[in-house]
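This report looks at empty space and at the surface of the structure shown below, taking one pocket, then the enclosed cavities, then a surface patch.

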Amino acid sequence: MMRATLRAEARKARYQRTTYGIVLAASALAAVSAVSLIATTQLPRRQQLPMALTDASTMHLVVSSTTGGYVFALVLGILVMTTEFRHGTAIATYLAQPDRRTVMLAKMVVAAALGAILQFLSTALGMIASGLYVQRYAHAVLPFDAYTRVMAGSVLVGAVLGIMGVAVGSLLRNQVLAIVVSLLWLQLVEGLLVVFADWIGRWSIRGAITSVLDIAVQVRTPQAAIDTSNGLGPWASTLLLLGYAAVLALIALVTSLRRDVA
Amino acid sequence: MQGATLRYDGLTKRYGDTVAVRDLTGDIRPGVVTGMLGPNGAGKSTALKCLLGLAAPTSGTATIDGVAYGAVAHAGRRIGTVLETRGFHPGLSAVANLRVIAAAIDVDDANVARVLEVVSLTGDAGRRVRGYSLGMRQRLAIAAGLLGDPDTLILDEPANGLDPHAIVWLRGLLRTLAAEGRTVLVSSHQLAEMEQTVDDVFIMDHGDLRAQGGLREVCGSHSLEETFLALTEGTGR
């Protein structure tokens with residue numbers, strides 16, 4: 001029955017227009033981020049960041065900025081779960097497949113695939129857009145060797161965040177609450193914690209994501225607010241991120257086994 | 001076709017200090033239409049949710065052919081359900097909603113067109129459910145319940161929102177399904193309609209089972225409404 005549940009979950013994602021809207025939004029963000037970063041280097045001297053397109057670190061940063069849509073992978077994962085409770089379709093889901101572990105696993109597999117696809121498409125679009133835009137500047141040197149590794153890290157992060165989204169959605173169930181809490185945690189709380197104790201950064205989810213994306217690029221650009229020099233390193237951060245996803249998934253599973261559906 | 005025997009054995013369900021169902025015991029047999037009747041808050045829906053594994057009993061059991069819903073082989077196909085709280089994605093068409101369920105219970109997509117025809121929604125099948133009336137949503141819920149050609153059908157207030165013609169049609173459908181040997185359990189508070197539909201009754205009030213058995217056996221020479229009101233602290237008898 002796992003196959004049937006997987007097929008049903010895939011159909012839900014395929015039929016809903018929200019899925020395509022989120023992928024488009026992530027792609028637009030990735031393209032705009034990378035292009036605007038290039039443009040920033042060409043501002044009048046007093047306004048521009050101390051970066052140059054001839055600098056390898058700057059160009060690595062441009063490439064890694066194409067992965068910025070990863071927050072949308074988390075949102076997609078949250079929607080995979082919370083849409084069920086928002087519209088009352090969770091009842092049909094659990095009646096069709098009473099084994100809640102199977103339902104949870106199928107949702108995580110589909111959300112991981114969606115997150116990976118989202119990151120692949122948005123990162124690819126960001127790379128294409130930035131690659132085309134940078135052609136305006138003859139002195140810019142594109143770090144082609146970084147592309148494959150950045151893409152691999154991006155797809156991995158997308159898949160893991162998709163799983164984490166399902167877990168968060170299962171725990172909170174309220175769609176708006178789940179999205180707001182997740183974004184606040186990633187964008188605000190972890191950032192504030194780092195202000196008080198910078199060692200927390202390397203153990204935070206956002207720090208781990210930054211380091212995983214650093215599999216490809218050894219960015220040392222504190223001015224651009226991405227300083228991974230104190231991170232755990234890409235492979236340890238990958239394990240840390242997978243560990244967070246596993247713990248969240250386990251808590252979500254245990255909780256879902258105990259809670260009434262309706 | 002042989003439907004399942006549904007059994008409650010000392011089922012109690014509490015939500016905090018509130019007892020939704022207290023010590024419910026009884027059998028629902030195949031080949032007849034059984035009505036689970038009671039006023040709002042009687043515990044009917046909770047009893048059905050416990051039977052379907054959507055809510056965990058505080059004590060006691062609710063079983064289908066001797067096992068919990070989760071242990072029934074191909075439960076999604078064998079047990080058709082029409083629940084009041086069951087929703088559909090409003091942004092998807094009826095066809096898309098039913099195709100998702102068809103995939104989940106592992107039946108062929110061809111069944112989607114079949115059940116939409118049964119509930120007379122073929123002409124509106126491509127419209128988004130958001131634009132459906134209450135009656136159309138209810139017919140779609142019935143279509144979803146029939147998708148797997150189930151041997152057992154469990155319906156919670158299935159006549160809600162249906163017009164008189166559709167109510168008569170539903171009555172005929174339930175009688176036909178029961179005559180084929182299937183198990184049909186209907187929860188409702190529409191007594192006049194139930195009197196024309198059911199063979200057996202469970203009458204519940206405030207979480208307690210007040211009476212159960214054959215309709216004539218429970219009501220005697222009185223109407224179902226009179227019996228119901230008397231049993232649920234009314235003044236009819």
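## The second largest pocket

In this predicted model, helix α4(A) contributes the most to the lining of the second largest pocket, giving seven residues. The space in this pocket comes to about 490 Å³, and among its 35 lining residues K12(A), Q16(A), T83(A), T89(A) and H89(B) are the closest to its centre.

At least two lining residues come from each of α1 (2-15), α2 (17-40), α4 (70-87), α5 and α6 (100-133) of chain A, and also from α3 (94-104) of chain B. Sorted by class, the lining of the second largest pocket holds 15 nonpolar, 14 polar and six charged residues.

## Enclosed cavities

Rolling a probe the size of a water molecule over the atoms reveals where empty space remains. Three cavities of 30 Å³ or more are found when the whole structure is searched, and the largest cavity holds about 80 Å³ of space.

Of the 14 residues that line the largest cavity, G76(B), I79(B), T81(B), R86(B) and I105(B) lie nearest its centre. Two or more lining residues are given by each of α5 (90-96) of chain A and β5 (79-82) and α5 (134-146) of chain B, and the lining as a whole has eight nonpolar, five polar and one charged residues.

## A nonpolar surface patch

On the surface, V176(A), V180(A), L184(A), W185(A), L188(A), V189(A), L192(A), L193(A), V195(A) and F196(A) make a nonpolar patch of about 950 Å². Within this patch, W185(A) belongs to helix α8 (residues 175-196) of chain A, and its relative accessible area of 40% makes W185(A) partly exposed.

Methods. Residues are numbered from 1 along each chain as its sequence is written. Chains are lettered from A and ligands numbered from 1 in the order in which they are written. This is a predicted model: local features need pLDDT of at least 70, side-chain atom pairs count only at pLDDT 80 or more; totals for chains, interfaces and linings use all residues. Side-chain values use heavy atoms; hydrogens and water are left out. Patches are made of residues with over 30% relative accessible area and no salt bridge: like charges are joined within 9 Å, nonpolar side chains (Val, Leu, Ile, Met, Phe, Trp, Tyr) within 5 Å. Accessible areas come from the Shrake-Rupley method with a 1.4 Å probe; for residues, only the protein chains shown count as cover. A salt bridge is a side-chain nitrogen of Lys or Arg within 4 Å of a carboxyl oxygen of Asp or Glu. Helices (H or I, at least four residues) and strands (E, at least two) are DSSP runs, numbered from the N terminus. Buried means under 20% relative accessible area, exposed over 50%, partly exposed in between (1.4 Å probe, protein chains only). On a 1 Å grid over the protein atoms alone, a cavity is a set of points where a 1.4 Å probe fits but cannot get out, and a pocket is an open set with protein on both sides within 12 Å along at least five of seven lines; lining residues have an atom within 4 Å of a point. Grid points are joined across faces, edges and corners, and a volume is the space filled by probe spheres set on the points. Ala, Val, Leu, Ile, Met, Phe, Trp, Tyr, Cys and Pro count as nonpolar, Asp, Glu, Lys and Arg as charged, and the others, Gly among them, as polar.
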